[in-house]
2 protein chains.
Amino acid sequence: MTIALDAMGGDHGAAILVEGAVAAARDLGTEIILVGRSGLLNSELKNAGGDGLPITIKDASQVVSMEEAPSDSLRKKKDSSVRVAFDLVKKGLAHAVVSAGNSGATLATAMFILGRIKGVRPAIATLVPTLKGQSLIIDVGANVDCKPHHLLQFGIMGSLFVREVNRKHVPSVGLLSIGEEGSKGNQQVKKAFDLLASSDLNFVGNVEGRDIFRGEVDVVVCDGFVGNICLKLSEGLAEAILTMLKTELEGSILASMGYGLARKAFRRFRKRVDYSEIGGAPLLGIKGIAIICHGSSSPKAVRNAIAVAHNLAALDLAGKLEASINSRRDFLRIV
Amino acid sequence: MTIALDAMGGDHGAAILVEGAVAAARDLGTEIILVGRSGLLNSELKNAGGDGLPITIKDASQVVSMEEAPSDSLRKKKDSSVRVAFDLVKKGLAHAVVSAGNSGATLATAMFILGRIKGVRPAIATLVPTLKGQSLIIDVGANVDCKPHHLLQFGIMGSLFVREVNRKHVPSVGLLSIGEEGSKGNQQVKKAFDLLASSDLNFVGNVEGRDIFRGEVDVVVCDGFVGNICLKLSEGLAEAILTMLKTELEGSILASMGYGLARKAFRRFRKRVDYSEIGGAPLLGIKGIAIICHGSSSPKAVRNAIAVAHNLAALDLAGKLEASINSRRDFLRIV
């Protein structure tokens, strides 16, 4: 598998991204094409010790900034790193794209260059760590204003993802709402409840905010506005809790005694809740594989996102998603 | 100040609630009327050592269950504990209601008996602990389908609450969305952004999920669907993180060494993130004071909710809210 990495996206510059690519190529043997300004990438690749690894460079003269409007980037930057990366997939020269750049622009470019599965609203899915393992939240930001039948599509795509990737034969699907009964929720969610309940998914009903991290269901369905807020809230709260707890521990007698020992346990714990361990968020519903990473991804996060991209491409997840949607086209059309 | 406590609501029975009332009367000198089945409450009050405290009992023969539809409870249970409690306020015999019962029914009964401030959508506000102190989230569940101008009202009410209760002279107000720019968000939020920006509030713009627990603003405005999910997500995540961390610490060498010492720090930390320390959630926008508590409130949480109710009644918060809305009636009418 060959992965096209948008090596210019992200908050912290190309060096971080190239370092992640080198780790992925070295650890996993993945072939990687770094896309961006070739002069810069050549020197970063040398700095990162990339000689002898299956990494090549594809020049792209433009960069989409993190603030740029997606439509502007599509119109004005035909030689941007993210666009050239998707062109490589379109031409069959790569099997997937990984980008830590402007996620709106990545989404728009993916839809423009590769296209979407007919009738589907592409959505961003994220695995989060829970008390029981992992759960997938879909959508976490691609669609801020959704119709009920879009939530049904997210359930179908999320369910297939968890079956294929996490090897759960019949994943449970829950709809994020504010009470367990189908009568609870806003208008959008109440209608989506009925659609999901009449589908062939293993739909277990509504789940509440507190159920997500308890791991009550394999797939949590929500619109991209709610999902994005939940995801960022979780990051912020986890950070805040660790900060508060550290302050408490430092203020205690532990500081002078067992703190060094506690740190080890802390580190294992951080690893467990660290989103970067899991890798980026796949964009589902397009005709191809794309992984969207956090703008402030670490080299490890980039490495893991490349591993996920490799895995999804090897599974032909995009083809399977399209087949899954097609097999339900009659049901979805009724919607 | 006299507080009417719905002594039949909640998940764990009257004993817990009476215990909280006894603590409030003893610690704060608050006069309390326990509302519910007088036989039961008399014996619970004796059990809890309530003799000699300023606590009286008002009989109410019916109880609204946690699952009951609010409209059913209003129609069929005219002698329910929650309704009799609000009747006491209506008649001037109490200054505020505290209930850990069915929150939908509490909300509906408050609006039916006391009425709402003209033109206002009442909302539930909750203080949450942050890295910088406390922030108020409004609405956390009263209104699942909101118009943009309702979000403006929440901002006005939340701002006044923080000014009066937390003594912040000019509270900062943020709108919960998925990006800092006013152009980010769903249709509802984008329109609310413009309304808030043209108001006389100290509106600082959109805030993201991760900003809430960092304490970036004093008041976080959102609709009740999003707010309720955020609140429950936070509870669930905090719980999950503590569970995971405990597992890690127990698995480490700390278990045999400094764990006893670590526990003290843990306890102080729990106290800091414990919602029950803060008390219940005030219902703002009605003509009176009502505090909605978690169904599974501990005696301490009930005690603290009574303290909050006492404080809000003493401040005449409901009157001040009405004056604040009235002074902006021209602006709100434009909306």
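What share of the contacts in chain A with a separation of 6 or more comes from residues 24 or more positions apart? Keep that question in mind as you turn the structure around: such residues account for 72% of those contacts.

Before we go further, remember that you are looking at a predicted model. The model as a whole scores ipTM 0.89 and pTM 0.91. For chain A, the mean pLDDT is 91, and 90% of the residues reach 70 or more. A word of caution goes with such scores: where pLDDT is low, the predicted coordinates should not be read in detail.

Let us start with the overall form of chain A. Its C-alpha atoms fill a box of roughly 60 × 60 × 35 Å along the principal axes. Is the radius of gyration of chain A in agreement or in disagreement with that of a compact globule? A compact globule of 335 residues would have a value near 20 Å, and chain A has 21 Å, so the two agree. Of these 335 residues, 58% count as buried. If you trace the backbone of chain A, you will pass through 14 helices and eleven strands.

Now look at how chain A is divided. Domain 1 is made of two stretches, 1–120 and 285–314, while domain 2 covers 125–279. Measured out over C-alpha atoms, the centres of the two domains of chain A are separated by 26 Å. Where they meet, 14 residues of domain 1 of chain A are in contact with nine residues of domain 2 of chain A. On the domain 1 side, helices α5 (103–113) and α12 (299–314) of chain A each supply at least two of the touching residues. The most comes from α12(A), which gives seven residues. By character, the residues on this side of domain 1 of chain A divide into seven nonpolar, six polar and one charged.

Finally, let us move to chain B and pick out a single helix, α13, at residues 317–327. Which of its residues are buried? They are B:Leu317, B:Ala318 and B:Leu321. Why do these residues lie on the same side of α13(B)? The reason is that they cover an arc of only 100° around the helix axis. A general rule about helices helps here: an α-helix has 3.6 residues a turn, so residues three or four places apart point the same way. You can also look for what covers the buried residues of α13(B): among the covering elements of chain B are the helices α6 (148–165) and α12 (299–314), together with the strands β10 (281–284) and β11 (289–292).

Conventions: Residues numbered from 1 in each chain as written. Chains lettered and ligands numbered in written order. Predicted model: local features only at pLDDT ≥ 70, side-chain atom pairs only at ≥ 80, totals over all residues. Domains from an automatic or database assignment. Contact = placed C-beta atoms within 7 Å. Helix = DSSP H or I, 4+ residues; strand = E, 2+ residues; numbered from the N terminus. Nonpolar A, V, L, I, M, F, W, Y, C, P; charged D, E, K, R; others polar. pLDDT = per-residue confidence, 0-100. Buried ≥ 20, exposed ≤ 12 C-beta atoms within 10 Å, placed from the backbone. Arc of directions from axis to C-beta. Rg over C-alpha atoms; globule rule 2.2 N^0.38 Å.
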